[in-house]
Amino acid sequence: MTKTIVITHGSLAKELVDITDQILEKETGAVAICFDLVDEYTELKNKIEQALATFDESDKVIILTDLFGGTASNAAIPFAQKERVEVITGLNLAMLLYLFSQSENKAFVNLCQGVKTAGKDAIIVAGEFLP
């Protein structure tokens, strides 16, 4: 089974998980980890470690963070494990909607690539479509 952890500055993680649940009309089970700039880096790493400890060893885990090179991704990347735990940065709502709309049978690597593509494809400059 694939599990999800969403980590962001401020309360964005909680809000994105909540709105995803509302749009899809189901509980996704995603774990939201929110942190403020005053929180300690080690405290954030501990929260990630605690969240991972709640999953089974056989679970695959996707950790979504808001900004590559930011505190969230820097804290999450050390937990990455080839073909088991992946960190994907640049989080947006389209990524979560895609992720939770996919079959559990989808290969983990394909699921991760699909999340990345969904996020990129959702970025549009509206003026480019104007006459």
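This passage describes the fold, the nonpolar cores and a few individual residues of a predicted model of one protein chain.

We may begin with the overall architecture. Five helices and four strands make up the regular elements of the protein chain. Read from the N terminus, these elements follow the order β-α-β-α-β-α-β-α-α. The radius of gyration of the protein chain is 15 Å, close to the 14 Å given by the globule rule for 131 residues, so the chain is as compact as a globular protein of that length. Along the principal axes, the C-alpha atoms of the protein chain occupy a box of roughly 50 × 40 × 30 Å.

Contacts and surface add to this picture. Of the contacts in the protein chain that link residues at least 6 apart in sequence, 68% are between residues at least 24 apart. Buried residues account for 39% of the 131 residues. The accessible surface of the protein chain amounts to about 7700 Å², and carbon and sulfur atoms contribute 53% of that surface. The protein chain carries 11 positive and 19 negative charges, and the mean positions of these two sets lie 7 Å apart.

The interior comes next. In soluble globular proteins, nonpolar side chains tend to be buried together. In this model, the largest nonpolar core holds 19 residues, and those touching the most other members are Val6, Ile62, Leu64, Ile88, Leu96, Leu99 and Val115. Two or more residues of this core come from each of α1 (12–24), β3 (60–65), α4 (93–99) and α5 (108–121). Helix α5 provides the largest share, with five residues. A second core, separate from the largest one, has 17 residues, including Ile5, Phe35, Phe55 and Ala72.

Ile88 is a handy residue from which to view the packing. With neighbours within four places in sequence set aside, Ile88 is in contact with Ile62, Ile63, Leu64 and Thr65, and also with Met95, Cys112 and Val115. Among these partners, Ile62, Leu64 and Val115 are, like Ile88 itself, listed with the core residues that touch the most other members.

Thr2 offers a view from the start of the chain. This residue belongs to strand β1 (residues 2–9). Thr2 has a relative accessible area of 18%, and it is therefore buried, the cut-off being under 20%. Beyond residues up to four places away in sequence, Thr2 touches Lys60, Ile62, Glu104, Phe108 and Leu111.

Three loop residues complete the account. Gly69 sits in the loop between β3 and α3 (71–76). Its relative accessibility of 43% falls between the limits of 20% and 50%, so Gly69 counts as partly exposed. Gly69 and Thr89 are separated by 20 residues in sequence, while their C-alpha atoms are 8.9 Å apart in space.

The other two loop residues invite a look at the backbone. Most residues other than glycine have a negative phi. Glu25, although not a glycine, has a positive phi of about 55°. Glu25 is found in the loop between α1 and β2 (31–35), and it is exposed, with a relative accessible area of 73%. Glu83 likewise has a positive phi, near 60°. The loop that holds Glu83 runs between α3 and β4 (85–88), and at 59% relative accessibility Glu83 counts as exposed.

Terms used: Residues are numbered from 1 along each chain as its sequence is written. This is a predicted model: local features need pLDDT of at least 70, side-chain atom pairs count only at pLDDT 80 or more; totals for chains, interfaces and linings use all residues. Side-chain values use heavy atoms; hydrogens and water are left out. The radius of gyration is taken over C-alpha atoms; the globule rule is 2.2 Å times the number of residues to the power 0.38. Buried means under 20% relative accessible area, exposed over 50%, partly exposed in between (1.4 Å probe, protein chains only). Contact means heavy atoms within 4.5 Å. Accessible areas come from the Shrake-Rupley method with a 1.4 Å probe; for residues, only the protein chains shown count as cover. Lys and Arg count as positive and Asp and Glu as negative; His and the chain ends are not counted. The place of a charge is taken as NZ of Lys, CZ of Arg, CG of Asp or CD of Glu. A nonpolar core is a set of buried Ala, Val, Leu, Ile, Met, Phe, Trp, Tyr and Cys residues joined through side-chain atoms within 4.5 Å.
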